[in-house]
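Colleague: Please pick one residue of this model, describe its surroundings closely, and then follow the neighbouring elements outward until the rest of the chain comes into view.

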Amino acid sequence: MKAAVVRAFGEPLVIEERPDPEPGPGQVRVRVEASGLCHTDIHAAHGDWPVRPNPPFVPGHEGVGLVEKLGEGVTHLSLGQRVAVPWLGKACGRCEHCLSGWETLCEQQINTGYGCDGGYAEKMLAWADFAQPVPDGVSAVDAAPLTCAGVTTYKALKVAGVRPAQLVAVSGVGGLGHLAVQYAKIAGATVAAIDVTDDKLELATALGADLVIDARKDDVGEVLKQHGGAHAAIALAVDDAAFEAVNSGLRRGGKLVMVALPAHGTVRVPIFDTVLNGTSVIGSIVGTRQDLAEVFQLHAAGQTKVICETLPQRGDPQLDSVNECIDEVLRGQVKARIVFDLGTGR
């Protein structure tokens, strides 16, 4: 099989031919149909975060494909079934977090494309209990971004406790933000979308945003305050200043939900204002298996639209242009999401 491999941090990924992986007990082998390019994959390849993966490894945690081989003991999945392999590759299932519905906080978890090889490959392994069945009517190309960008923003809105008629600020309208806008609208919220490029502000409007704020020329906090202040701000822009700007636009009792992970991010939170106004700063990390099932259900029902570019449409063969695609993401030239379509993902 072909795979895009991180051999050394900060170096271009290397396209390699590797033997097909063999599933162990409780695992399945998936023939990958589509795999999304998430900014987390770039952080992994660059070794940006305090806990680093161990090269060589294959990145990618938005892999979607067909079950090709069953490991010992797997009975609930079937050959040919379409599944998604998310960031949460495996959790222990026994700790306090797992047992209380917060498996994403399990300290024994293994993350796809970080602690084990991921979806930048023609074939990959997955733990069967965490391979999420993709419902009929959801293509592999659409399912790939939903597997991370979708479930992450969906969970963030849950964490924020968003209710109808509240003002929700979405800071950063890209691969995650374009879905966050839609989930906030589904929840009945009034949505303020914030970005620094014309095309992403236009995309936010097309997807139902009630207000767009151009952070290049507008004071984000002041504009939000003019509309009463945000009940919740979903921070998706990978920029420290963007976190602080949207935090300044919260109303009393508002919540800043941190989702994006800048490589060396530090946000200054004003203690006096935070205490006086009763605001909250909350971290939100991906979502559970149940959250992902709900994301797929919403998409199958036609409630969401995935905006992405697929490589064959751009004239590029499968994974071969992975490094060019990473550069485009870093330059901010991608409208929403890039998906590697390995030929059968529609």
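**From one loop residue outward**

Modeller: T104 lies in the loop between helix 2 (96-99) and strand 7, where helices (H or I, at least four residues) and strands (E, at least two) are DSSP runs numbered from the N terminus. The model is a predicted one, so local features need pLDDT of at least 70 and side-chain atom pairs count only at pLDDT 80 or more, whereas totals for chains, interfaces and linings use all residues. Residues are numbered from 1 along each chain as its sequence is written, and side-chain values use heavy atoms, with hydrogens and water left out.

With a relative accessibility of 4%, T104 counts as buried; here buried means under 20% relative accessible area, exposed over 50%, and partly exposed in between, with a 1.4 Å probe and protein chains only. Leaving aside residues up to four places away in sequence, T104 touches L88, Q109, I285, V286, G287 and T288, a contact being heavy atoms within 4.5 Å.

Among these partners, V286 belongs to the loop between strand 15 and helix 9 (289-300). V286 is itself buried, at a relative accessible area of 10%, and its phi is near 35 degrees, a positive value in a residue other than glycine. Most residues other than glycine have a negative phi, and most peptide bonds are trans. A165, in the loop between helix 3 (140-160) and strand 10, also has a positive phi, of about 75 degrees, although it is not a glycine; A165 counts as exposed at 62% relative accessibility. The peptide bond from P55 to P56 is cis, with omega near -5 degrees, and P56 is found in the loop between helix 1 (39-46) and strand 4.

Strand 15 leads from the V286 loop into a sheet. Six strands form this open sheet in the order 12-11-10-13-14-15, with parallel pairing, two strands being paired if DSSP finds at least two bridges between them. Strand 12 (211-214) and strand 15 (280-283) are its edge strands, each pairing on one side only. Neighbouring strands of the sheet are turned by 20 degrees against each other on average, direction ignored; axes are lines fitted to C-alpha atoms, for helices over the stretch in contact, and angles run from 0 to 180 degrees between N-to-C directions. At the strand 12 edge, four bridges join that strand to strand 11 (residues 190-195), the two running parallel, and A193 has V212 of strand 12 as its bridge partner. Helix 5 (residues 198-206) lies across strand 11 and strand 12, and runs at about 170 degrees to strand 12. Helix 7 (residues 240-247) also packs on the sheet, where it touches strand 10 (167-171), strand 11, strand 13 (230-235), strand 14 (250-258) and strand 15, its direction making about 155 degrees with that of strand 14.

Strand 7, which follows the T104 loop, leads in another direction, towards the charged pairs. A salt bridge, defined as a side-chain nitrogen of Lys or Arg within 4 Å of a carboxyl oxygen of Asp or Glu, joins the side chains of R18 and D117 at 3.2 Å, N to O. R18 lies in the loop between strand 2 (14-17) and strand 3 (27-37) and D117 in the loop between strand 7 (110-111) and strand 8 (123-127), so the pair ties together parts that are 99 residues apart in sequence. D117 counts as partly exposed, at 34% relative accessibility.

R29 has two acidic partners to consider here. E22, partly exposed at 48% relative accessibility, forms a salt bridge with R29 whose closest N and O atoms are 3.2 Å apart, while R29 is buried, with a relative accessible area of 9%. R29 also forms a salt bridge with E68, the closest N and O atoms being 2.8 Å apart. This second pair links distant parts of the chain, with R29 in strand 3 and E68 in strand 4 (residues 63-70), 39 residues apart. Salt bridges that share partners join D20, E22, R29, R31, E68, K69 and K123 into one network.

Seen as a whole, the protein chain has 11 helices and 17 strands, and 55% of its 346 residues count as buried. Among contacts between residues at least 6 apart in sequence, 70% join residues at least 24 apart.
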